[in-house]
Amino acid sequence: MRKPKIVVLGAGYGGLMTVTRLQKQLGSNDADIVLVNKNDYHYETTWLHEASAGTLTPDQVRYDIANVIDRSKVDFVKDTALKVDTEAKKVQLEKGDDLSYDYLVIALGGAPETFGIKGLDKYAFSITNVNTARQIREHIEYQFATYKVDQKPERLTIVVGGAGFTGIEFLGELGNRIPELCKEYDIEKDMVKVICVEAAPTALPGFDPELVEYATALLERKNVEFRIGTAIKEATPEGIVVAKGEDDTEEIKAGTVVWAAGVRGNPIIVESGIENMRGRVKVEPDLRAPGLSDVFVIGDCSLVINEEINRPYPPTAQIAMQQGELVASNLAKLVNGKTNLDSFNFDNKGTVCSLGDDDAIGVVFGKKLTGTKASFMKKMIDNRALYMIGGIPLTVKKGKFNLLK
Ligand code: FAD
């Protein structure tokens, strides 16, 4: 009998979790497993703000996929997926031949959502992958170096669009990195401006207000200026234009603009004609795409409703990994001829938002945390993600062990 072929697209949190669980649950005679990823490495998306600010190097936030997959069971294909033909059950790749599948897992992560704001896609950076993180880090360093030559003050202004999770974590890292850059490039610290522009009426919408207050006060002490309730209207080669009052606007000149305010699903979802909302698929309880019994969608490409508030859960690595675990066990059931698939129930273990290497805020198992305790917890969460995918060897190799900073 022909073995079923399982194709997993994306080796991020969701994809790698699926594959590393599948390789434990299925024998090599049960199914052919193929993993497709753009690069031969996985990067920790949740650490990209550190690589972008320059507090970690790009190599610290990535590891080789070959180190965590069992190559006797999983065939790794380094290629870019372009489109899925759900009728022909084929994936179109950039370089290789079309890849047919019996079961498909789409775990390709998200893409920046610019909400149609003019110029953002052209003039703002986004914290999306190792390459964009490297670009942001080097751009900021270039601005500091060039300021010493042309003395243009706007080179030392960094605008961060969005005071959500990613924006705040990036600001926290900048707070640690800028004093180092000032020292390296002989620049007075008060010449540097970091401005965070957020359209919503608060930073970190949805977070506990006391913790939000803690975070903004700490970042203000690190010289971050918050413009809350202020919408970015346009990004230009010189900086950004923000709304001021009813009909007025104001220009903020800045050498660096980083957009950290929105995520949508991978463009392949739209390109492949799969039913979606902003590129995200509202999945069935068993994580299959509506009407497609052989296609599972997980991570930032999926949309799961929090029934308690009837709103989607924000996309997180925590959800992506839990979904990966469930999809692996559902696929193992299908391969073994069972049809009673399990439903996804998100087990929210809490959220911790770092404010640099030495501070954080969070709610873990219902308990509020700040300062060193929260920062310790954040590093434990980072290490746990490594452990879940690559066990002790990966955790020892890539883990964060400066726990009590
Ligand atoms: P990803 O982990 O992003 O992986 C997608 C993979 O697909 C990548 O390997 C990519 O290279 C590959 N890929 C993409 N397109 C293609 C293609 N066309 N062909 C082949 N391969 C492709 N979440 C938390 O839970 N906690 C946090 O503290 C947290 N902090 C964050 C901080 C930052 C700076 C950012 C940006 C996000 C943070 N998140 C956090 C959110 C979290 O990172 C995402 O929700 C999570 O990465 C989604 O996992 P995923 O498996 O869907 O995609």
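These exercises with worked solutions concern a predicted model.

**Exercise 1. Domains**

State how the protein is divided and how the parts are placed relative to each other.

Solution.
- Step 1: The division gives domain 1 (5-38 + 79-112 + 263-347) and domain 2 (114-261 + 349-405).
- Step 2: Taken over C-alpha atoms, the centres of domain 1 and domain 2 are 30 Å apart.
- Step 3: Contacts join 12 residues of domain 1 to nine residues of domain 2.

**Exercise 2. The nonpolar cores**

Find where the largest nonpolar core lies with respect to the two domains.

Solution.
- Step 1: The largest nonpolar core holds 112 residues, and Ile106 and Ile168 have the most contacts inside it.
- Step 2: Helix α8 (residues 317-335) supplies the largest share of this core, 11 residues.
- Step 3: Domain 1 and domain 2 both give residues to this core, so it lies between them.
- Step 4: A second, separate core has 14 residues, among them Ile117, Val159, Ile232 and Trp259.

**Exercise 3. Isoleucine 168 and serine 354**

List the contacts of isoleucine 168, then decide whether serine 354 is buried or exposed.

Solution.
- Step 1: Beyond four places in sequence, isoleucine 168 touches Ala163, Ala203, Leu204, Leu219, Phe226, Cys353, Ser354 and Leu355.
- Step 2: Serine 354, one of these contacts, belongs to strand β25 (residues 350-354).
- Step 3: The relative accessibility of serine 354 is 6%, so this residue counts as buried, the cut-off being under 20%.
- Step 4: With neighbours within four places in sequence set aside, serine 354 is in contact with Ile168 and also with His49, Glu169, Glu173, Asp359, Ala360 and Lys378.

**Exercise 4. Two residues of helix α9**

Classify leucine 386 and tyrosine 387 by accessibility, and describe the surroundings of each.

Solution.
- Step 1: Leucine 386 is placed in helix α9, and tyrosine 387 is found in helix α9 (residues 371-398).
- Step 2: Leucine 386 counts as buried because its relative accessibility is 1%, whereas tyrosine 387, with a relative accessible area of 47%, is partly exposed. The partly exposed class runs between the buried limit of 20% and the exposed limit of 50%.
- Step 3: Apart from residues up to four places away in sequence, leucine 386 touches Glu44, Trp47, Tyr63, Gly391, Leu394, Thr395, Lys398 and Gly399.
- Step 4: Tyr387 joins Ile392 and Val396 in a nonpolar patch on the surface, and together they have about 330 Å² of accessible area.

**Exercise 5. A distance**

What separation is found between the C-alpha atoms of leucine 386 and threonine 216?

Solution.
- Step 1: Along the chain, leucine 386 and threonine 216 are 170 residues apart.
- Step 2: Their C-alpha atoms are separated by 30 Å.

How values were computed:
Residues numbered from 1 in each chain as written. Predicted model: local features only at pLDDT ≥ 70, side-chain atom pairs only at ≥ 80, totals over all residues. Heavy atoms only, no water. Patch = residues over 30% accessible without salt bridge, like charges linked within 9 Å, V, L, I, M, F, W, Y side chains within 5 Å. Areas by Shrake-Rupley, 256 points an atom, 1.4 Å probe, with all protein chains shown as cover. Salt bridge = Lys/Arg side-chain N within 4 Å of Asp/Glu carboxyl O. Helix = DSSP H or I, 4+ residues; strand = E, 2+ residues; numbered from the N terminus. Buried < 20%, exposed > 50% of the residue type's maximum accessible area, 1.4 Å probe, protein only. Core = buried A, V, L, I, M, F, W, Y, C linked by side-chain atoms within 4.5 Å. Domains from an automatic or database assignment. Contact = heavy atoms within 4.5 Å.
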